[in-house]
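Subject: Structure handover

Hi,

Here is the structure I promised to pass on. Have a look at it first, and then read my notes underneath.

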Amino acid sequence: MKRLAFIILALFTVALAKAQIAIDTLSTEALNNLLIEQVERLAEDSDDDADFEELLDNYIFFSDNPVDLNSDEVMQLVELRLLSVFQYEEIQKYRRYYGDFLFVDELEMVEGFDEQTLAVVRPVVQIGKAESNDRLSLKKMARYGKHQIVGRYEQVLERQQGYAPIDDSSLLAKPNSRYLGSPQKYQLKYTYNYRNKVRAGFVLEKDPGEMFFTDKVSDTVRALLGQNYQRGFDFVGFHLYAKDLGIVKAAVVGDYQLAYGQGLTLWSGMSFGKAGAGSSVMKQGRGITPKGSASEYAFMRGAAVTLGGGPFSGTVFYSNRRIDANVSVADSLDEAELVSSLQETGYHRTIGELQDRHAIRQQVVGGHLSYAIAHFEVGYTAHHTWLSVPLQLKPSHYNQFYFQGQSLTNQGVDFKYVKGKYALFGEGAMSLNFDSTNLQQTQRPWALAGLVGLTVKPAGYLNFTIIYRDYGKTYQNLLGNAFGEGSRNQGQRGVYLGVEAAPAPYWNLLAYADFFRFTWLTSQVNAPSSGHDYYLRVSHSFSRRANAYLQFRSKTKMKNSTDALVFSHYPILYTKNSVRFNINYQIGRDLHCSNKAEYAHYRNDDGSNESGYFLCQDIAYKPESKPYSLTFRYAIFDAKDYNARIYAYENDVLYSFSVPALYGKGMRIYLLGKVKLFNALTLYARIGSTIYSDRDEIGSGLTLIEGNHKTDLKVEAIWKL
């Protein structure tokens, strides 16, 4: 009772001292703003059109199913950048000294938790219920389990070239000149959750252009496709997951993902990379997690289990799934097959894409062992990947060290030491590809890669991070996703310096400098190259109703010259600078507004000098006492060249979002509506339009639209039981 009285008195005193900037504990605005910032930076850093649905699923899952503040589940929030590793350590220290938390607002008493952090964390934590430790039973799972069904429809309303009418003879003459299916996208997802211990679900998806049940093709096209002809949902995924069942720490059947160490040996799925800074750069491997998104690449399909007792734990896993690939006959005498490339788009819209669909089988088997005591943890990971058809790339100077062959073995050791004001982490990895010696006699079958980092928190709200990475040019891994410049952990060295600080109350500073060098040719540069990436972000909370940030980024890299007057393309430097200002504020109780302004400038040694800007106004009407809300955006942009493009996060229906790369000149508007019909059913609808003033056509190839506007529509229904 004395401890409870002391905590209540202390919290009351703190609340009075900070009344002018009190954060609404029921609001998820801070969590949403953090998600927006992270996704925008991930989209800008991505080498391709990455699918961030997994990240969004994780955020929403923890919002709907908060973790127990008095359990080790809190570590899952560290990987999502909601907490730093030092904040996690402070939580554990507080529990050791004072016992378990009695209520969430007790976090105010923990060192390192300011108002901004608390606003982000509150929606995703709770005080666990005693019955959550009861033994599992089918009766309890049936009574207390949560069910959810999500159905979504989306479509571009204007007709694209890929859907224009065409006769059979013309289609057979140019088989990839049209999409075979309809322009609608459909997704159906079911999930079940019993107190975060047992989870199950399935997901069905049909992308735009893929054939559905109602689409019909001619007998000629059907005969040409043969066994590749398929209508209905193009992607079908499922999972059954359980954890904390005695010695069984986690087990899954179906689709899942694995994440260990710093991602150099094994990390399937999404990874933040430089989207985090300061202490957040150190990865926190989540181990086995079920995959509930519709992403069609970077996941496992099979089974995995983690067993543990005391400081030891071990994981074994097996994956066996069909993947997309371009298969060709290598020798007319024995008709041996080879794979010229692996496909990761997940699209199966044209005859060519359907012929590549599930063309080969990928099997992965492996395991992970870990030993953890107090502040130290070490792990060993090994896995072997086997393809049913050998991979042989089209010869090129830059790809001669890429993975080729039929089998690949990866293994690595990772470690982490966190105590007090220091966090030391790293991973060393090795790849073994004996098949590559048959293709290239000069290449050694084994290769090394490694990274090591240190984060120091000298005082208060201040920490520094330094990371050194060295990924050998012959290192190969199909399942890694470590920190670095770009997505390929190969042929790269670099030093990263990051700082995170709170120089004054309600102020936060985030900055990093990354210096990198590619030790071999890349697809963009015909020589070893180098570059640097600078980032600075200053944010301030004016009150519970208003916050803002100013962000600057400058990235310099090298690419081949495009000068038509030279015979050989030589490397040149290019730099892209961008400045962004964003402010969020509330008018009254129901209106939430946001303004964003961004300027980008691109230049290179060939003489290119391009710039662009983006301005937008967001208005969200969210009446607290009403079952509906509306969100509206009006934006203008002017970026004549793609190199000066600007990424802008857009609010969307739940479990979906978009981060379009805007270039050209025009405006972007959208209206998003939400209505809760009754406790179990919620409907979302969004319509948006991009209108250009500098063109009469949008897109190219099969996505070409004749006209200067493009309209997208999404409708979603969520039923919770």
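One spot to start with is Gln476, in the loop between β18 (462-471) and β19 (492-501). Keep in mind that this is a predicted model. Although Gln476 is a loop residue, its relative accessibility is 3%, so it counts as buried, the cut-off being under 20%. What does the side chain of Gln476 reach? One partner is the backbone oxygen of Tyr402, at 3.3 Å. Another is the backbone oxygen of Phe401, which sits 3.1 Å from a polar atom of the Gln476 side chain.

Now for the chain as a whole. The protein chain has 33 strands and eleven helices. It runs to 721 residues, and 50% of them are buried. If you take the contacts between residues at least 6 apart in sequence, 63% of them join residues at least 24 apart. About 33100 Å² of the chain is exposed, with 58% of that supplied by carbon and sulfur atoms.

Next, the charged pairs. Side chains of opposite charge can pair when their charged atoms come close. How many salt bridges does the structure hold? The count is 30, and I picked out a few.

Glu205 and Lys185 meet through their side chains in a salt bridge, at 3.4 Å from N to O. Glu205 belongs to strand β5 (residues 198-206) and Lys185 to strand β4 (residues 185-194), so this pair ties together parts that are 20 residues apart in sequence. Glu205 and Lys185 are both buried.

Then there is Asp255 with Arg301, a salt bridge whose closest N and O atoms are 2.6 Å apart. Here the strands are β7 (residues 248-259) for Asp255 and β9 (residues 300-309) for Arg301, so the pair ties together parts 46 residues apart in sequence. Are the two partners buried or partly exposed? Asp255 has a relative accessibility of 1%, so it counts as buried. Arg301 comes out at 24%, so it counts as partly exposed.

A further pair is Glu598 and Arg580, whose side chains form a salt bridge at 2.9 Å, N to O. This pair links distant parts of the chain, 18 residues apart, with Glu598 in strand β24 (residues 591-604) and Arg580 in strand β23 (residues 571-587). Glu598 and Arg580 are both buried.

Some salt bridges share partners, and one network built that way joins Arg152, Glu154, Glu650, Asp652, Arg668, Arg686, Asp712, Lys714 and Glu716. You may want to colour those residues when you open the file.

Last, a loop residue without a charge pair in the story: where does Met211 lie? You will find Met211 in the loop between β5 and α9 (219-225). Its relative accessible area is 5%, so Met211 is buried. Leaving aside residues up to four places away in sequence, Met211 touches ten-odd names worth clicking through, among them Leu180, Gly181, Val217, Leu225, Tyr229 and Leu354. Lys206, Gln230, Arg231 and Gly232 are also touched by Met211. As for Tyr179, the C-alpha atoms of Met211 and Tyr179 are 8.6 Å apart in space, while the two residues are 32 apart in sequence.

Cheers

How values were computed:
Residues are numbered from 1 along each chain as its sequence is written. This is a predicted model: local features need pLDDT of at least 70, side-chain atom pairs count only at pLDDT 80 or more; totals for chains, interfaces and linings use all residues. Side-chain values use heavy atoms; hydrogens and water are left out. Helices (H or I, at least four residues) and strands (E, at least two) are DSSP runs, numbered from the N terminus. Buried means under 20% relative accessible area, exposed over 50%, partly exposed in between (1.4 Å probe, protein chains only). A polar contact is a pair of N or O atoms within 3.5 Å; within protein, one must be able to donate a hydrogen and the other to accept it, and residues adjacent in sequence count only if both atoms are side-chain atoms. A salt bridge is a side-chain nitrogen of Lys or Arg within 4 Å of a carboxyl oxygen of Asp or Glu. Contact means heavy atoms within 4.5 Å. Accessible areas come from the Shrake-Rupley method with a 1.4 Å probe; for residues, only the protein chains shown count as cover.
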